[in-house]
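Reader: Hi! Could you walk me through this protein with me asking small questions as we go?
Author: Happy to, let's have a look together.

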Amino acid sequence: MKNVFEDVTCAGCCCVCDDIQVTTDGQQILDVQTTCPQGQAWFARSRQTEQLQPQINGTVASQEAALTRAAELLQSATSPLLFGMGQSATEAQRAAISLADRIGATIDSGAAASTRALQQVGEASCTLGEVRSRADLIIYWNAESLRSNPHHQQSLNSGADPISRKIVTVGASASDASADVDLTLSVPVEGEFETLWRLRALLRGIALNGDVPPGLSAGELESLAALIRQSRYIVIFFGPADSGDRLFHRKLEALSLLAREIQSERRCHTINVPTAGATKGAEPVLAWQTGYAAAVSFAVGYPRFSPCEYATVRMLEQKEADVCLLIGDAPLTGLSELALQELQQIPLIHVGPAPLGDLEPEVFLPTGISGIHSGGSLYRFDGTPLPLRALIATPQLSEAEVLQQLESLLTPVLPIC
């Protein structure tokens, strides 16, 4: 018997579109409509989890044996690390935070750099509904993957009374190939910081002396400043940090200060865009559970935030983690080559709906896919929570259920004094 689900939420990327129509027979997905290629690929993975089995050192094991071995590894560790959760449901993220609290672990969503910057200077953000209804200038700063997403562009123009707006792309990969782009600024990574400060100076009416950053001309920067002055509501989508960009938090601070100065005369909001193919991450859940959006340590018995000390990349590169629990689909996103090399040297546990590929964990606990096999909720990249529904059955447990089973086997660890 066919079942047609309307207004289904797709977790295939950060857009988390909630207007998808899915047809199932109860056991498999038969048809998916009104989605993009990324969404089609995400729904197509619905049958891939059925054949997965728990493993210990690459050998098939029972669920109980795999859970017991994972609990032993976490219980014996002195500095356990939890990472990932990029496409996990809110319920799984809460379960991961509870587990980290129980054993005094460090938990990170990978957003330490942006969290560090936004806690320094603050953030003024908005929903995509406001962008669609009010923004007359949209700037995609290193967010080319979002600008080129057809479903995102469709949603921006889906209002009852579409408004006239200008589109600007900025960054090393910025492209003006699309007819809807009014201005393109090709700015290399090393020139972004200077570009932001020069743009702030232009908007203040300060004359600029000296050469402009490579790839830019003074006229292009003036054109962007002119567009900002002519607009009433500006929205800046800024992309994720590159794993090798150690100054990303400084650039984001400058971007946030730029937005604050623009707000003195007109409305301006910023929205952080995750890595292509990823969703918002665990930052919202970490924030309302612990008070901090990333890089949280429970080692002393209560949550502490330190993006310089507890960020996953730094902990791995400095060999400060002695076991790592990876959670969710594609949990290695954003890690440096050195961090990936260190992961191969320490015990690794993976709880998720798909194998890691070349990196083989000591314990693998398979799960269903949130939004296909289990319900819950997920945050869109503008901070809006959206519901997830279970569309078809699977023999696998959800990520939240596996993490809760794992936590039940763990004895609370005394905090480090």
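Reader: Is Cys13 buried or exposed?
Author: Cys13 is buried, with a relative accessible area of 7%. Buried means under 20% relative accessible area, exposed means over 50%, and partly exposed is in between, using a 1.4 Å probe and protein chains only. Before we go on, this is a predicted model, where local features need pLDDT of at least 70, side-chain atom pairs count only at pLDDT 80 or more, and totals for chains, interfaces and linings use all residues. Residues are numbered from 1 along each chain as its sequence is written, and side-chain values use heavy atoms, with hydrogens and water left out.

Reader: Thanks! How many disulfides are there?
Author: The count is zero, taking a disulfide as a pair of cysteine sulfur atoms within 2.5 Å. Cys13 is in no disulfide, and the nearest cysteine sulfur, that of Cys15, is 4.1 Å away.

Reader: And what about Cys15, buried or exposed?
Author: Cys15 is buried, with a relative accessible area of 8%. Cys15 is in no disulfide either.

Reader: New topic: how many salt bridges are in the whole structure?
Author: A search finds 16 of them. A salt bridge here is a side-chain nitrogen of Lys or Arg within 4 Å of a carboxyl oxygen of Asp or Glu.

Reader: Why would such side chains pair at all?
Author: Side chains of opposite charge can pair when their charged atoms come close.

Reader: Cool, which residue does Arg45 pair with?
Author: Arg45 forms a salt bridge with Asp329, and their closest N and O atoms are 3.1 Å apart. The two sit in distant parts of the chain, 284 residues apart: Arg45 is in the loop between helix 1 and strand 4, and Asp329 is in the loop between strand 15 (323–327) and helix 13 (337–343). Helices (H or I, at least four residues) and strands (E, at least two) are DSSP runs, numbered from the N terminus.

Reader: Are Arg45 and Asp329 buried or exposed?
Author: Arg45 is buried, and Asp329 is buried too.

Reader: What does the salt bridge of Glu130 and Arg267 tie together?
Author: Glu130 is in helix 5 (residues 128–134) and Arg267 is in strand 12 (residues 267–272), so this pair ties together parts 137 residues apart in sequence. The N to O distance in that salt bridge is 3.8 Å. Glu130 counts as partly exposed at 21% relative accessibility, and Arg267 also counts as partly exposed, at 38%.

Reader: Which residues are joined into one network?
Author: Arg69, Glu72 and Glu362 are joined by salt bridges that share partners. Elsewhere, Asp382 forms a salt bridge with Arg380, with the closest N and O atoms 2.9 Å apart, and both of these residues are buried.

Reader: Switching again, where is Gln51?
Author: Gln51 lies in the loop between helix 1 (37–44) and strand 4 (55–56). Gln51 counts as exposed, at 65% relative accessibility. Gln51 and Gln396 are 345 residues apart in sequence, while their C-alpha atoms are 9.4 Å apart in space.

Reader: One last thing, where is Val32?
Author: Val32 is in strand 3 (residues 29–33), and Val32 counts as buried at 12% relative accessibility. The C-alpha atoms of Val32 and Ala44 are separated by 9.1 Å, and the two residues are twelve apart along the chain.
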